[in-house]
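Here's a walk through one protein model, written for someone new to reading structures. Keep the picture in view as you go.

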Amino acid sequence: RLFETLDANNDGTLTKEELIQGATKINSAISEEEAERMFANVEPDANGNISIDTLAKLMAESKLGPSLKAPASHRDDRGLIQVEMYYERYFGEAIRRLNAKRDKKDVD
């Protein structure tokens, strides 16, 4: 999903500009210079673009890779992503209640 988000023109490859703009948009803590260094650390194809496999390799090798996946605000002091506890009794309970209120019907 990250690759699809970064690939602005949906051509299946990332240009240097797409990587820089996308990385800085997804995580404002990443500067354009850091994103440029990320691109410089990979070997682009003949057209100067990178593929999804190259991006995956970049993410695995880069210290910045994890920060593209989830912003620091969602991480604790150990760098782990924090997730809220799931309170629904069954999948879709919250949306069903929301729709019922909108339709003015009683539910559960």
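What follows starts with the whole chain and then moves through its helices, loops and salt bridges.

**The big picture**

First things first: this is a predicted model. The protein chain has six helices and zero strands. If you read along the sequence, the pattern is α-α-α-α-α-α. The chain has 108 residues, and 29% of them are buried. How about contacts across the sequence? Take the contacts between residues at least 6 apart in sequence: 32% of these join residues at least 24 apart.

**The loop between H1 and H2**

Let's begin with the stretch that links helix H1 (2–6) to helix H2 (16–26), where you'll find asparagine 10. Look at its backbone: asparagine 10 has a positive phi of about 55°, even though it isn't a glycine. Is asparagine 10 buried or exposed? It counts as exposed, because its relative accessibility is 63% and the cut-off for exposed is over 50%.

Threonine 15 sits in this loop between H1 and H2 too. Here the relative accessible area is 19%, so threonine 15 is buried, given that buried means under 20%. And what does threonine 15 touch, if you leave out residues up to four places away in sequence? The answer is Phe39 and Asn49.

**H2 meets H3**

Now find H2 and helix H3 (residues 32–40). Their axes come within 9 Å and cross at roughly 135°. That angle makes H2 oblique to H3. As for handedness, H2 passes H3 in a right-handed crossing.

Which residues do the meeting? On the H2 side you have Lys16, Leu19, Ile20, Ala23 and Thr24, and on the H3 side they meet Glu32, Ala35, Glu36, Met38 and Phe39. You've come across Phe39 already, as one of the residues that threonine 15 touches.

Between these two helices, in the loop from H2 to H3, lies isoleucine 30. With 4% relative accessibility, isoleucine 30 counts as buried. Try picking out isoleucine 20 as well: it is ten residues from isoleucine 30 in sequence, and the two are 9.2 Å apart in space, C-alpha to C-alpha.

**The two sides of H4**

Next up is helix H4, which covers residues 52–61 and has Thr54, Leu55, Leu58 and Met59 as buried residues. Look down the axis of H4 and these buried residues fall within an arc of 140°, so they line one face of the helix. Why can residues that aren't next-door neighbours share a face? An α-helix has 3.6 residues a turn, so residues three or four places apart point the same way.

And what about the face of H4 turned away from the buried side? That one carries the exposed residues Asp53, Lys57, Ala60 and Glu61. Let's stay with aspartate 53 for a moment, which lies in helix H4. Its relative accessible area is 61%, so aspartate 53 is exposed. Aspartate 53 and phenylalanine 3 are 50 residues apart in sequence, yet they're 9.7 Å apart in space, C-alpha to C-alpha.

**A small salt-bridge network**

How many salt bridges does the structure hold? There are two, and here they are:

| Acidic residue | Basic residue | Distance, N to O |
|---|---|---|
| glutamate 93 | arginine 89 | 2.7 Å |
| glutamate 93 | arginine 97 | 3.5 Å |

Glutamate 93 appears in each row, and Arg89, Glu93 and Arg97 are linked in a network of salt bridges.

Two of these residues share a helix: glutamate 93 and arginine 97 are four residues apart in helix H6 (residues 93–103), so about one helical turn separates them.

How open is each residue of the network? Glutamate 93 counts as buried, at 8% relative accessibility. Arginine 89, on the other hand, counts as exposed, at 60% relative accessibility. Arginine 97 counts as partly exposed, because its relative accessibility is 31% and partly exposed covers values between 20% and 50%.

Conventions:
Residues are numbered from 1 along each chain as its sequence is written. This is a predicted model: local features need pLDDT of at least 70, side-chain atom pairs count only at pLDDT 80 or more; totals for chains, interfaces and linings use all residues. Side-chain values use heavy atoms; hydrogens and water are left out. Buried means under 20% relative accessible area, exposed over 50%, partly exposed in between (1.4 Å probe, protein chains only). A salt bridge is a side-chain nitrogen of Lys or Arg within 4 Å of a carboxyl oxygen of Asp or Glu. The arc is that of the directions from the helix axis to the C-beta atoms. Contact means heavy atoms within 4.5 Å. Axes are lines fitted to C-alpha atoms, for helices over the stretch in contact, and angles run from 0 to 180 degrees between N-to-C directions. Angles under 35 degrees count as roughly parallel, over 145 as roughly antiparallel, 65 to 115 as roughly perpendicular and the rest as oblique. A crossing is left-handed if the near helix is turned anticlockwise from the far one by less than a right angle, and right-handed if clockwise.
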